Amino acid sequence: MAPNRGKIIRLNDDGSVPADNPFADQPAPANQVWSLGHRSVLGIAFDGNGQLWEHEMGPKGGDELNRIVKGGNYGYPVVSNGDHYDGRSIPDHDTRPEFLAPTVTWRSVISPAGFIIYNGAAFAQWQGSGFIGGLSSKSLVRVVFDGETAREAERFAMGERIREVEQGPDGAIWLLQDGEAGRLLKLSPKGKQ
Ligand SMILES: [Ca+2]
């Protein structure tokens, strides 16, 4: 197995390899791998059910939100619903069902960066929603989950490239704009600081 590029790895807090990793019986670094076939992971979060989700910057027209399962191969660079930026095509996921397909594909890309699955009290109506920053889309994307599926629910135009999303202890949502002049924004319910 290739080195850790394109992989999600799973380690104990002390850096050791958990015995129940999917490739635990293989030499390092394969024994660290939890899932593979990723292109460029830019956000990872657990939902309220303990299900792990990640999003990744795809090639042209292929940003992905994936439901992560133990030992799963998500197919890059063999398959992608996007294509290379230089114009070369990449076979789509439906041509190779042995690879796990994305739960959501953005063919008009958002360029995802930063990811939370919200569990705060300040925006009670958004508990359980995912929030993904958008670079090229200059947006904040809200995703809703339903068991093993997910979909984009709404998109907030922010006017600037959004690099990072975090949830504060009071339930506020913090956004970091991209670039040297980027601002740190705090989103709170109307009428509250
Ligand atoms: Ca393709």
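These exercises work through the fold of one predicted model, each with a stepwise solution.

**Exercise 1. Describe the overall make-up and dimensions of the protein chain.**

Solution.
Step 1: Take the secondary structure. The protein chain has 13 strands and zero helices. From the N terminus on, the elements therefore read as β repeated along the chain, in the run β-β-β-β-β-β-β-β-β-β-β-β-β.
Step 2: Take the size. The C-alpha atoms fill a box of roughly 55 × 45 × 35 Å along the principal axes.
Step 3: Compare with a globule. The protein chain has a radius of gyration of 17 Å, and this agrees with the value near 16 Å for a compact globule of 193 residues.
Step 4: Look at burial and contacts. Of the 193 residues, 32% count as buried. Among contacts between residues at least 6 apart in sequence, 47% join residues at least 24 apart.

**Exercise 2. Trace the open sheet of four strands: what is its order, and which strands are at the edges?**

Solution.
Step 1: Write the order. It is β7-β8-β9-β10, and the pairing is antiparallel.
Step 2: Find the strands that pair on one side only. These edge strands are β7 (112–117) and β10 (149–157).
Step 3: Add the twist. From one strand to the next, it averages 25°.
Step 4: Examine the pair β8 and β9. Strand β8 covers residues 130–134 and strand β9 covers residues 139–146; five bridges join them in the antiparallel sense. In this pair, G133 stands opposite L140 of β9.
Step 5: Examine the pair β9 and β10. Eight bridges join these antiparallel strands. Here R142 stands opposite E154 in β10.
Step 6: Inspect the link between β9 and β10. The two strands form a hairpin with two residues between them. G147 sits in the turn and has a positive phi of about 65°.

**Exercise 3. Trace the open sheet of three strands: how are the strands ordered and paired?**

Solution.
Step 1: Write the order. The strands run β11-β12-β13 across the sheet, with antiparallel pairing.
Step 2: Mark the edges. β11 (162–167) and β13 (184–187) each pair on one side only.
Step 3: Add the angle. Neighbouring strands of this sheet are turned by 20° against each other on average, direction ignored.
Step 4: Examine one pair. β11 and β12 (residues 173–177) pair antiparallel over five bridges. Q167 has I173 of β12 as its bridge partner.
Step 5: Recall the chemistry. Strands of a sheet pair through backbone hydrogen bonds, either parallel or antiparallel.

**Exercise 4. Locate the cis peptide bonds at P29 and P77: in which loops do these prolines lie?**

Solution.
Step 1: Start with P29. The bond from A28 to P29 is cis, with omega near 5°. P29 lies in the loop between β1 (8–9) and β2 (33–35).
Step 2: Go on to P77. A cis bond joins Y76 and P77, and omega is about 10°. P77 lies in the loop between β5 (63–68) and β6 (104–106).

**Exercise 5. Classify S111 and K138: is each buried or partly exposed?**

Solution.
Step 1: Check the backbone of S111. Phi is near 55°, a positive value in a residue other than glycine.
Step 2: Place S111. The residue is found in the loop between β6 and β7.
Step 3: Apply the cut-off to S111. A residue is buried if 20 or more other C-beta atoms lie within 10 Å of its own. S111 has 20 such neighbours, so S111 counts as buried.
Step 4: Check the backbone of K138. Phi is near 45°, again positive in a residue other than glycine.
Step 5: Place K138. The residue is found in the loop between β8 and β9.
Step 6: Apply the cut-off to K138. There are 17 other C-beta atoms within 10 Å, so K138 is partly exposed.

**Exercise 6. Describe the largest nonpolar core: which residues have the most contacts inside it, and which strands supply it?**

Solution.
Step 1: Count. The core has 24 residues.
Step 2: Pick out the best-connected members. F131, I132, V143 and V165 have the most contacts inside the core.
Step 3: Assign strands. β3 (41–46), β6, β7, β8, β9, β11 and β12 each supply at least two residues. β9 gives the most, with four residues.
Step 4: Follow one member. Leaving aside residues up to four places away in sequence, I132 touches G43, H55, I110, P112, G114, F115, V141, V143 and V165.

Conventions. Residues are numbered from 1 along each chain as its sequence is written. This is a predicted model: local features need pLDDT of at least 70, side-chain atom pairs count only at pLDDT 80 or more; totals for chains, interfaces and linings use all residues. Two strands pair if DSSP finds at least two bridges between them. Axes are lines fitted to C-alpha atoms, for helices over the stretch in contact, and angles run from 0 to 180 degrees between N-to-C directions. The radius of gyration is taken over C-alpha atoms; the globule rule is 2.2 Å times the number of residues to the power 0.38. A residue is buried if 20 or more other C-beta atoms lie within 10 Å of its own, exposed if 12 or fewer, and partly exposed in between; C-beta atoms are placed from the backbone. Two residues are in contact if their C-beta atoms, placed from the backbone, lie within 7 Å. A nonpolar core is a set of buried Ala, Val, Leu, Ile, Met, Phe, Trp, Tyr and Cys residues joined through C-beta atoms within 7 Å.
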